[in-house]
Amino acid sequence: MINKLWIDYASAAVQLYGIAPFGQVADVISAQTEEQVSEEEIKRWIEDPFGGSLAKAALEQRFVYLHPGNFFVGQWIVEFDEFESHWAQQQGKPFYVPEQQELLLWSDPHYFHKPNEYWALQKWIESEFAEISREYAEGLAEDLQMMAEDPFSPEKIISEFERRDLKLQASQIQALLQLVTHLHNHTRQQIIRGHTPYELFQLEKQFLRPLPVQVGRNDPCVCGSGKKYKKCCGA
């Protein structure tokens, strides 16, 4: 039997985390629905000779695959043999679990979450390059957000504009890199289990030692929020 709700939850978890243990999927289903589901029930469902085959086919249509050890994983994890590396980097980080309505948006593999920082970047592109269409600006902003999911690389960002024959002045480069830095800090990332870097910093800062260098209370906060230090982490 194809259990669409379970498929939706497994798909959403993989889009957010890259790697989703059966137990994590079961826990979220149990917390957000009237069903009480165990890891073992997920395993029996997916291993059922008939229903399991249908479920796996439905999951693969959403680029979700199985990995030994009771895991759902994304297609890129399988194709690039990244399970061990990705899993190791995730250890110690909590899972981001939004409310059901938001979570199930991620069950669509084509869902693209755009935080406020994305719209600020797109608006800047449109204002600085009046010769391009809004659709073109949107496509560029989306590409930059995908780049922002990786470790920040100013060279990669600038080269994308060069590739598109969009010339950047020195003053524009500074503004652009600031906008993309903010976008990076507020983009949900699989490597940190669906959190944004800013959210994870807020969760972990209580365990951090004081900064080794002095940060002025009126200086920009080191977490990248864009706020002054005294109104953010220094409050």
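A residue is called buried when its relative accessible area is under 20%, exposed when that area is over 50%, and partly exposed in between, with a 1.4 Å probe and protein chains only. By this definition, 43% of the 235 residues of the chain count as buried. The model is a predicted one, in which local features need pLDDT of at least 70 and side-chain atom pairs count only at pLDDT 80 or more, while totals for chains, interfaces and linings use all residues. Residues are numbered from 1 along each chain as its sequence is written, and side-chain values use heavy atoms, with hydrogens and water left out.

**Overall form and core**

The chain has 12 helices and 3 strands, where helices (H or I, at least four residues) and strands (E, at least two) are DSSP runs numbered from the N terminus. Taken along the principal axes, a box of roughly 60 × 45 × 30 Å holds the C-alpha atoms of the chain.

In soluble globular proteins, nonpolar side chains tend to be buried together. Here the largest nonpolar core (buried Ala, Val, Leu, Ile, Met, Phe, Trp, Tyr and Cys residues joined through side-chain atoms within 4.5 Å) has 27 residues, and Val25, Ile42, Trp45 and Phe72 have the most contacts inside it. At least two residues of this core come from each of helix H1 (4–17), helix H2 (22–32), H3 and helix H4 (51–60), and H1 gives the most, with 9 residues.

**Surface patches**

Patches consist of residues with over 30% relative accessible area and no salt bridge (a side-chain nitrogen of Lys or Arg within 4 Å of a carboxyl oxygen of Asp or Glu), like charges being joined within 9 Å and nonpolar side chains within 5 Å. Asp27, Glu34, Glu35, Glu39, Glu40, Glu41 and Glu47 gather in a surface patch of negative charge, to which helix H3 (residues 39–47) contributes the largest share, 4 residues. Glu41 belongs to helix H3 and counts as partly exposed because its relative accessibility is 31%.

A nonpolar patch on the surface is formed by Ile2, Phe50 and Leu54, with about 300 Å² of accessible area together. Phe50 lies in the loop between H3 and H4, and its relative accessible area of 59% is why Phe50 is exposed.

**Positive phi values**

Two residues other than glycine with a positive phi are set out below.

| Residue | Phi | Loop | Relative accessible area |
|---|---|---|---|
| Asn70 | near 70° | between strand S2 (64–67) and strand S3 (71–74) | 19%, buried |
| Asp81 | about 50° | between helix H5 (75–79) and helix H6 (83–90) | 68%, exposed |

Conventions: Areas by Shrake-Rupley, 256 points an atom, 1.4 Å probe, with all protein chains shown as cover. Lys, Arg positive; Asp, Glu negative; His and termini not counted. Charge placed at Lys NZ, Arg CZ, Asp CG, Glu CD.
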